[in-house]
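Here's a quick tour of a few spots worth a look in this one. Keep the viewer open and follow along.

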Amino acid sequence: MSFDPGMLHNNGHTAYANGTGPGIRETGVVEKLLTSYGFIQCSERQARLFFHCSQYNGNLQELKVGDDVEFEVSSDRRTGKPIAVKLLKIKPEVLPEERISGQVVSSIPLHLDGKSAPGQVPTGSVCYERNGEVFYLTYTPDDVEGNMHLDTGDKVSFYVETNKHTGAVSARNIQLVNKKQMRCQGVVCATKEAFGFIERADVVKEIFFHYSEFKGDLEALQAGDDVEFTIKDRNGKEVATDVRLLPQGTVIFEDISIEQFEGTQNDPLPGRITARVGFADKELPFGEKDTKSKVTLLEGDHIQFNISTDRRDKLERATNIDILPDTFNFTKETREMDMLSAQRNHAVRIKKLPKGTVSFHTQSEQRFIGVIEKEVISASKNVSPTKGKEKEAEEGVIAYEDCGVKLTVPYHAKDLEGGHPQVGDKVEFSINEVKRTGLQSAVSIRVVNRNASNAKRLHGFIATLKDNFGFIETANHDQEIFFHYSEMCGDLDSLELGDTVEYTLSKGKGNKVSAEKVTKVAPVNGIGEDVSTTVLTGKVIRPIRSVDPSQTEYQGLIEVSEEGSKGKNYPFGIMGMSSKADCLQKGELVKFQTCTIAQTGQKMACHVVPQRRALVECVKDQFGFITYEVGESKKLFFHVKEVQDGLELQTGDEVEFSVVLNQRTGKCSACNVRRVSEGPKPVVTPRPDRLVNRLKSITLDDASAPRLVIVRQPRGPDNSKGFNVERKTRQPGVID
């Protein structure tokens with residue numbers, strides 16, 4: 001821009017942009033200053049005026065952006081635009097003598113990280129209180145005396161200055177009065193009766209604190225808790241005050257390397273490891289807590305570890321120490337193999353081996369042939385309640401020959417394969433020898449040939465299980481045989497209804513027949529042959545004996561109800577039922593097929609499935625009752641967990657179910673309950689006419705009429721008056 005200073009002094013060509021006459025001066029702030037000209041922002045109006053440096057009356061070197069100036073307004077003759085002339089610098093306003101006390105609310109950031117705009121001056125803020133009201137002021141680094149950095153919470157004093165051009169209020173000449181006490185962190189390392197100690201996180205040092213300085217639940221305070229505190233000097237000693245809990249894991253003393261290193265335990269005394277870290281050899285200490293396992297470290301062990309660096313003093317140590325698997329190939333120690341057991345000898349440096357590596361026995365590859373000389377007697381856990389002691393197990397004896405020498409070897413019930421051998425039975429077996437004691441026993445025993453003189457072994461099926469006895473359905477499915485649990489060979493807990501067993505018949509007192517030496521064997525076909533494909537419908541006219549013990553016959557009986565075969569009866573046993581636990585009652589409808597028993601040629605019912613449907617009478621919290629007659633009871637109990645698909649049954653629902661008999665209590669209950677259809681929804685029945693007419697006839701003036709007296713106003717759960725219900729339209733004279 002070209003400018004001629006002489007044009008400003010032509011008395012005949014002066015104009016004023018604001019319409020004022022000559023001699024009226026205005027004030028403003030230097031907004032921009034270049035080598036020979038600048039711009040002023042007017043204080044009294046929204047205007048920005050050009051000025052030439054030759055119009056400044058004073059030392060131009062002292063003029064700078066932001067200075068207050070006074071000037072007159074003229075106009076540029078060539079362009080007609082208003083300009084400022086006859087500039088004078090205004091001396092700054094004298095600050096008030098009163099200093100205000102306050103504190104730093106937001107300190108000036110030390111590192112802006114490029115977040116501020118170019119040329120922008122960083123600011124902070126302070127606050128002070130006046131007449132109960134808090135005021136906030138901004139400040140810049142130039143406003144702080146002594147060129148020091150203020151932190152949040154520092155107590156300061158300052159003057160308040162108002163920029164009359166912009167109206168902004170700020171703090172000036174800020175002086176530090178009191179530095180805020182810094183909060184320290186640490187971990188409680190010891191607690192005594194009335195005091196404790198904290199390990200500081202800033203220096204390797206412990207500091208004392210009294211329980212009266214703990215702000216929190218003292219009962220919950222324990223060693224290892226993270227805390228923060230303020231340090232104060234009392235009687236020349238540093239103590240921790242205002243102790244408060246921090247979230248667990250806040251305080252960190254050390255940094256652990258991600259990289260793992262390998263080293264050697266070369267020191268005969270524990271506590272130091274020699275390793276090559278980077279390109280230098282290092283000797284690192286470690287403590288008892290730095291080992292991953294409780295394995296004893298010996299000289300020469302090859303180990304791997306991480307390096308922990310203390311944040312306070314930068315000291316390093318080894319941690320997460322673990323022995324490398326190949327270390328036992330280099331050490332000269334004597335190693336043994338064993339299984340973990342309760343023993344007094346103290347084992348060290350234990351290494352886990354693959355399962356099956358350690359064996360206490362050796363088994364012969366050769367198979368031997370022998371004869372049972374003495375039968376094994378199994379221990380019985382299910383004896384009669386009247387007997388005080390359990391029957392102890394006794395080992396059996398097998399006689400055999402090896403290289404012409406007659407020998408005997410003991411055996412146990414757990415080593416039998418298949419059936420239970422008797423005296424004189426020919427068996428095949430292997431010999432097992434205990435390594436430590438040299439004792440031998442027969443294992444993998446299998447019956448080769450039964451002794452003809454022994455009682456014949458029969459097959460049957462478990463029909464009933466009581467507290468300490470049961471019944472076996474014979475192979476012909478026509479009768480049941482009693483057996484006591486003491487005669488059971490094997491695990492009684494695994495025995496279930498329908499399991500195939502092998503047994504021997506014997507006669508006891510009164511010539512009563514019972515089963516002995518009962519052994520569970522592999523399942524066999526229990527429903528006969530020639531199973532028909534036709535599904536028949538019938539009715540149970542006689543249940544099996546386990547349901548009705550008063551009847552003499554064991555077999556149940558089903559009468560066909562279909563046309564063409566109506567009147568035919570088919571017997572059935574426990575093996576003919578699809579669900580062995582189901583309790584078929586007299587009169588129940590069933591669907592079934594027929595089969596032929598190979599031994600007798602008898603036609604029997606098989607795959608019997610009951611067709612039960614009834615209504616739910618009521619449902620309680622966790623149980624309910626079905627309208628179904630079982631024995632003398634006309635209600636059948638069921639538990640809600642027996643309802644299929646997790647449905648919630650309602651009164652009136654139609655259901656299908658199975659009936660099971662509790663062998664101990666003798667009571668029946670429903671299981672596998674399935675809803676067939678939902679019952680009718682309950683309908684609110686209207687009041688009978690007689691009651692409505694009676695209520696209409698009652699007059700409130702009648703002294704003998706019943707009256708309702710409110711004793712206490714009703715209140716809701718939220719303590720509000722009345723009940724929170726919807727208003728209903730009532731008939732006049734009708735009381736709900």
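## Strands 41 and 42, and the barrel

Strand 41 (residues 623-630) and strand 42 (residues 633-639) run antiparallel, held together by six bridges. Want a landmark for that pairing? Go to Val630, whose bridge partner in strand 42 is Ser633. Keep in mind that this is a predicted model.

Zoom out a bit and this pair turns out to belong to a barrel: five strands close up in the order 40-41-42-44-43, with mixed pairing. On average, neighbouring strands in this sheet are turned by 50° against each other, ignoring direction.

## The hairpin of strands 24 and 25

Next stop is another antiparallel pair, with strand 24 (residues 396-402) joined to strand 25 (residues 405-411) by seven bridges. Here Ile398 sits opposite Val409 of strand 25.

The hairpin leaves two residues between its strands, and Cys403 adopts a positive phi near 60°.

## Cavities

How many cavities of 30 Å³ or more does a search of the whole structure find? It turns up three, and the largest has a volume of about 50 Å³.

That largest cavity is lined by Glu473, His477, Gly526, Ile527, Gly573, Met575, Gly576, Cys595, Ile597, Met604, Ala605 and Cys606. Strand 39 (residues 603-610) supplies the largest share of the lining, with three residues. Sorted by class, the lining has seven nonpolar residues, four polar and one charged.

Note on methods: Residues numbered from 1 in each chain as written. Predicted model: local features only at pLDDT ≥ 70, side-chain atom pairs only at ≥ 80, totals over all residues. Heavy atoms only, no water. Pairing = 2+ DSSP bridges. Helix = DSSP H or I, 4+ residues; strand = E, 2+ residues; numbered from the N terminus. Axes fitted to C-alpha atoms, helices over the stretch in contact; angles between N-to-C directions. 1 Å grid on protein atoms, 1.4 Å probe; cavity = no way out; pocket = protein on both sides within 12 Å on 5 of 7 lines; lining within 4 Å. Points joined across faces, edges and corners; volume = space filled by probe spheres on them. Nonpolar A, V, L, I, M, F, W, Y, C, P; charged D, E, K, R; others polar.
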